[in-house]
Structures are given as structure tokens and as C-alpha cells.
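Subject: Structure handover

Hello,

Here is the structure you were expecting, with its sequence. My notes on it follow below.

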Amino acid sequence: MSETEDQNKIKLNEARRNAVKKRLDGADGGRSKKSLYGGNKEAQGAKNRMRPAKGMINPLAIAKKAKNIVTAPTEIQVTDLAIYGVALALALFKDILDLVFIGSWPVIGTVITFCVSIAIGCVLLFDGISISQRKMARIMTRRFLVLIAGTMVEGILFGLNFFPFETITVGIIYWMSLVDRKK
């Protein structure tokens, strides 16, 4: 091949790359990648999550967060009765079983604890269906971490399974949901 043919191929490949890049940029509607994938609001939220104590120095911010926690029961909805009622009934059933029958049998009690916790987790998946996916993922991660911690205390620490930790765990998760709704 001659040198001019090589130069022409290079120019053609460069023109193709530029055309593809221009088409990709046009497909985004001329918006920046930051605005497409989460936006500035999401970036600011991530920055605030990196510093959770920021703003807590201000007594008004502390008072506002405390007010949200205390007034959370004003956010109770009708659907909560079905979702959290079933979760609370499962937790109470399991705690009564621990207290009356299986609390002293470590292996059987642990298996039943894990099974009931999985059932409670499945029931909790029905809460917050209308929330955006990212926000829901964060909320559900926090709730499931609390459920896992309660399950570990209930199922692994023998001798403590006579106390109603599962019921308390569901209560904490419900309160967290009310506080999130209040925000």
C-alpha cells in the first residue's frame, strides 16, 4: 500500500470514530453524564452520606431530627396494618414458641429463627413499592441489616432467645419506616 492510502485509511477511521462519538453524545440529548446518571442532587446526597455528622453541630438540626423521630407515628398508613401486622404476628409467634416450647433447643430454635426471619424479610419487601429504585434499595438495605442483626442476636446467642428480640426488631424496622416517611 502506498502512503496516501494509509493516510486515507487513518482519516476514514478517525472520521468514523468522531461520527460514533457525535451520535452517542446526541443520544444523551446533549445532557452531561452527571445529569443523566443520578444528577447533581445524587452527588450531593452521596457527599452528605460520607459525612453523616455534618450539620449535627447545629442544635436546630438536632432538634429537627429528634422531632422527626418523635412525630413519626403521624405517618401511619392503612397499608402498614397488613404489611407490618403480618411481620409483627410472625415475630410474636416465634417469640412465643421460643418462650414456651423450643427456646431450650439450640439447633431447632436457630433453624426456626432463621425461617421466620426470612418470612419477615419477604413480607417487608412489600413496603415502599412506589418509591424510586435507588432510594428503595438504600431503605431496604438498612431494614434488612437491622433484621439480620436481630436474627443473629435471637438465633445465635443462646439464653437470650427467651427475650422478644424478634418482635423488638420488627418494631424498630417499622419505626424506621415511619421516620423515613416523615422525611
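Of the 183 residues in the protein, 25% are buried. Please keep in mind that this is a predicted model. The exposed surface comes to about 12,800 Å², and carbon and sulfur atoms supply 69% of that area.

The fold is helical: there are eight helices and zero strands. Read from the N terminus, the order of elements is α-α-α-α-α-α-α-α. Among contacts with a separation of 6 or more, 72% are between residues 24 or more positions apart.

The core

The largest nonpolar core has 15 residues. Tyr84, Ala87, Ile120, Leu124, Val170 and Ile173 have the most contacts inside it. Helix H5 (78-102), helix H6 (106-124), H7 and H8 each give two or more residues to this core.

Two of these residues are worth opening in the viewer. Val170 lies in helix H8, and its relative accessible area is 3%, under the 20% cut-off, so Val170 counts as buried. Leaving aside residues up to four places away in sequence, Val170 touches Ala87, Leu88, Ala91 and Ile120. Val170 and Leu88 are 82 residues apart in sequence, yet their C-alpha atoms are 6.2 Å apart in space. Ile120, with the same kind of sequence neighbours left out, touches Ala87, Leu90, Ala91, Leu147, Glu166 and Val170.

Helix H8

H8 covers residues 165-182, which is 18 residues. At 1.5 Å a residue the helix should span 26 Å, and its end C-alpha atoms are 25 Å apart, so the two values agree. The buried residues in H8 include Glu166, Thr167, Thr169, Val170, Ile173 and Tyr174. Further along H8, Met176, Ser177, Leu178, Val179 and Asp180 are buried as well. As background, an α-helix has 3.6 residues a turn, so residues three or four places apart point the same way.

The surface

There is also a nonpolar patch on the surface, of about 700 Å². Phe114, Leu145, Ile148, Met152, Ile156, Leu157, Leu160 and Phe163 make up this patch. Which helix gives the largest share of the patch? Helix H7 (residues 133-156) does, with four residues. One of the patch residues, Ile148, lies in helix H7. Ile148 has 45% relative accessibility, and because that falls between the 20% and 50% cut-offs, Ile148 counts as partly exposed.

Regards

Definitions and conventions:
Residues numbered from 1 in each chain as written. Predicted model: local features only at pLDDT ≥ 70, side-chain atom pairs only at ≥ 80, totals over all residues. Heavy atoms only, no water. Expected span 1.5 Å × (residues − 1). Buried < 20%, exposed > 50% of the residue type's maximum accessible area, 1.4 Å probe, protein only. Patch = residues over 30% accessible without salt bridge, like charges linked within 9 Å, V, L, I, M, F, W, Y side chains within 5 Å. Areas by Shrake-Rupley, 256 points an atom, 1.4 Å probe, with all protein chains shown as cover. Salt bridge = Lys/Arg side-chain N within 4 Å of Asp/Glu carboxyl O. Core = buried A, V, L, I, M, F, W, Y, C linked by side-chain atoms within 4.5 Å. Contact = heavy atoms within 4.5 Å.
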